[in-house]
Amino acid sequence: MGHLIKINLPGGFISAGDLYEMLLIAENAGATDVRFGNRQQLYFTVKADKLEDMELDMLKAEISYEIDDEVYPNIISSYVADTIFNHHEGWLREGVYKDIFDRFEHQPKLKVNLVDDHQTFVPFFSGNINFIASNVNNYWFTYIRFPKTDRLFCLPSLVYSEDIPTLTKAAEDIILQKKDLFYNRVDIDEELFYKTLLKKISVAFRPVIEPLKLPDFQLPYYEGFNRYSNKYWLGIYRRNELFLIGFLKDVCLLCLKSRIGQIYTTPWKTIIIKGIEQADRNQWGLILSKYHLNVRHAANELNWQIEDMCSEGLELKKQLVRQFEEADLRTHQLSFAIKTQPKTGLQGAVILRKNKPGDYDILHTRDFNPNSRDEVIYAQKIKPRFLSKKLIALCKEFYSQQADPHLSDTLVLSEETIALPDNLSVYQCSNCLTRYDKQYGDAVNGIKKGIDFELLNAYSCPVCEAPKSEFKLIYSTLI
């Protein structure tokens with residue numbers, strides 16, 4: 001019987017020397033390959049008779065790990081996107097990320113995200129405690145997604161970079177010590193949470209003056225050789241999620257030889273090597289040739305989020321990608337998530353959520369931005385063999401609306417959906433493009449279906465907290 005070993009890589013990066021040491025330990029324990037998770041962590045499997053020796057090796061190397069467990073979700077960050085996917089000249093750079101990680105003196109038991117607000121490669125809200133860079137130098141928004149819920153609460157204060165570990169520890173303690181109030185509940189008192197937090201810590205808060213504006217989603221092509229400045233970066237994706245240990249050892253050794261300090265992991269279960277010199281590019285090509293690795297997969301295969309170690313989700317993805325290829329389907333600007341387990345936190349513009357064995361529901365975010373939490377049901381109880389037909393129709397409707405925004409601003413109501421009412425009006429937030437449609441109400445704000453927007457008092461956007469005055473009428477059957 002095998003055991004699953006997990007090693008967190010805080011921030012999604014690791015030195016080539018440290019990764020090489022981990023790979024040696026995995027190899028000595030009988031592993032031939034490793035995986036990277038959607039929270040930028042490292043996985044491998046060892047046999048029971050090798051476990052004791054592996055634990056001794058880990059102890060000698062002072063490496064923290066978990067066996068068949070997930071007590072400590074990794075702290076993930078958008079550091080991997082810096083300089084290659086995010087060219088914005090802002091204040092968030094390598095030194096800021098590293099200073100924050102160095103200040104963490106505890107391993108969080110809740111999921112923590114640190115992301116740049118100008119990138120969309122790393123998800124914004126897949127953590128329980130989500131820090132998102134603001135326009136104010138060294139200050140961050142804090143969005144709490146209470147565990148086992150879809151409730152997002154934006155703290156009314158910005159937090160300073162060096163105070164992020166302190167706030168994380170305090171928020172985590174409150175949630176885990178008061179589970180009856182803040183864990184797996186639909187009726188969470190967010191004001192009580194914030195008041196309790198303020199009593200627990202004293203940090204350099206600043207008031208939120210401007211709400212967070214979500215950038216339009218663009219998933220960059222994150223594979224293959226790519227040029228930036230006067231250097232190259234290399235992204236490597238594996239269709240089966242497995243990276244041979246021998247290949248990764250060669251990667252580490254070439255990094256050390258060519259003075260590349262760090263290797264980055266991504267939430268898309270891939271690795272990225274930055275800083276490759278033109279003179280060394282041929283050597284990287286030789287490694288790829290040695291292991292027969294293809295580094296130019298179709299873009300519509302790269303835009304999927306799947307739960308870690310989930311064979312059902314992986315096989316379904318492979319099936320759908322094949323059918324997308326046969327249909328010559330365009331999926332640019334879209335991302336997909338397969339959820340076989342409830343409340344996993346995966347984000348996608350289009351979500352396949354397992355209903356029961358053999359059935360999936362298809363949902364999409366109202367604006368097709370995976371960082372939006374406003375989901376709409378497109379089709380329900382669909383057998384896997386019929387999923388591709390429904391998804392292809394959904395994608396075509398998305399592009400039809402892009403070509404003609406007046407076609408239907410409520411978008412993609414499948415054939416199972418009832419006809420539109422005669423008095424339908426849709427309002428959209430001017431900041432983050434979240435929509436209010438009375439057909440669906442607003443579960444985040446506790447508003448039931450059928451309530452006219454005009455009748456709402458003191459309404460605020462469920463995503464960016466913008467006031468009701470920031471919403472504009474974008475569609476009405478009465479016009």
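Trainee: Five bridges join β13 to strand β14 (residues 231-236). What makes these two strands a pair?

Mentor: Two strands pair if DSSP finds at least two bridges between them, and β13 and β14 have five, running antiparallel. N226 stands opposite W233 in β14. Before we go on: this is a predicted model, where local features need pLDDT of at least 70 and side-chain atom pairs count only at pLDDT 80 or more, while totals for chains, interfaces and linings use all residues. Residues are numbered from 1 along each chain as its sequence is written, and side-chain values use heavy atoms, leaving out hydrogens and water.

Trainee: What do β13 and β14 form, and what sits in the turn?

Mentor: A hairpin, with two residues between the strands. S229 in the turn has a positive phi of about 50 degrees. By the way, strands (E, at least two residues) and helices (H or I, at least four) are DSSP runs, numbered from the N terminus.

Trainee: Why is β13 called largely enclosed by the rest of the structure?

Mentor: Four of its five residues, within 224-228, are buried, so that label fits. Buried means under 20% relative accessible area, exposed means over 50%, and partly exposed lies in between (1.4 Å probe, protein chains only).

Trainee: And how many residues of β23 are buried?

Mentor: Five of the five, residues 425-429, so β23 is largely enclosed too. S425, Y427 and C429 point one way, while V426 and Q428 point the other way. In a regular strand the side chains alternate between the two faces of the sheet. As for its partner, β23 pairs with β24 (residues 435-437) over three bridges in the antiparallel sense, and Y427 stands opposite Y436.

Trainee: Which strands are the edge strands of the open sheet β5-β1-β4-β3-β15?

Mentor: β5 (66-67) and β15 (243-244), since each pairs on one side only. The pairing in that five-stranded sheet is antiparallel. Inside it, six bridges join β1 (residues 2-7) to β4 (residues 42-47), with G2 opposite K47.

Trainee: Why is the pair of F153 and F193 called edge-to-face?

Mentor: Rings of Phe, Tyr and Trp (its six-membered ring) pair if their centres lie within 6.5 Å; planes under 30 degrees apart count as stacked, over 60 as edge-to-face and the rest as tilted. These two centres are 6.4 Å apart with planes at 85 degrees, so the pair is edge-to-face. F153 lies in strand β10 (residues 152-154) and F193 in helix α6 (residues 190-200), 40 residues apart. Both rings' residues are buried.

Trainee: How do you know that the charged end of K274 sits over the ring of Y264?

Mentor: The rule asks for NZ of Lys or CZ of Arg within 6 Å of the ring centre and within 35 degrees of the ring normal. K274's charged end sits over the ring, 4.3 Å from its centre. R206 over Y139 is another case, at 5.3 Å.

Trainee: Why are α4 and α6 called oblique?

Mentor: Angles under 35 degrees count as roughly parallel, over 145 as roughly antiparallel, 65 to 115 as roughly perpendicular and the rest as oblique. The axes of α4 (residues 164-177) and α6 come within 10 Å and cross at roughly 125 degrees, and the two helices are therefore oblique. Those axes are lines fitted to C-alpha atoms, for helices over the stretch in contact, with angles running from 0 to 180 degrees between N-to-C directions.
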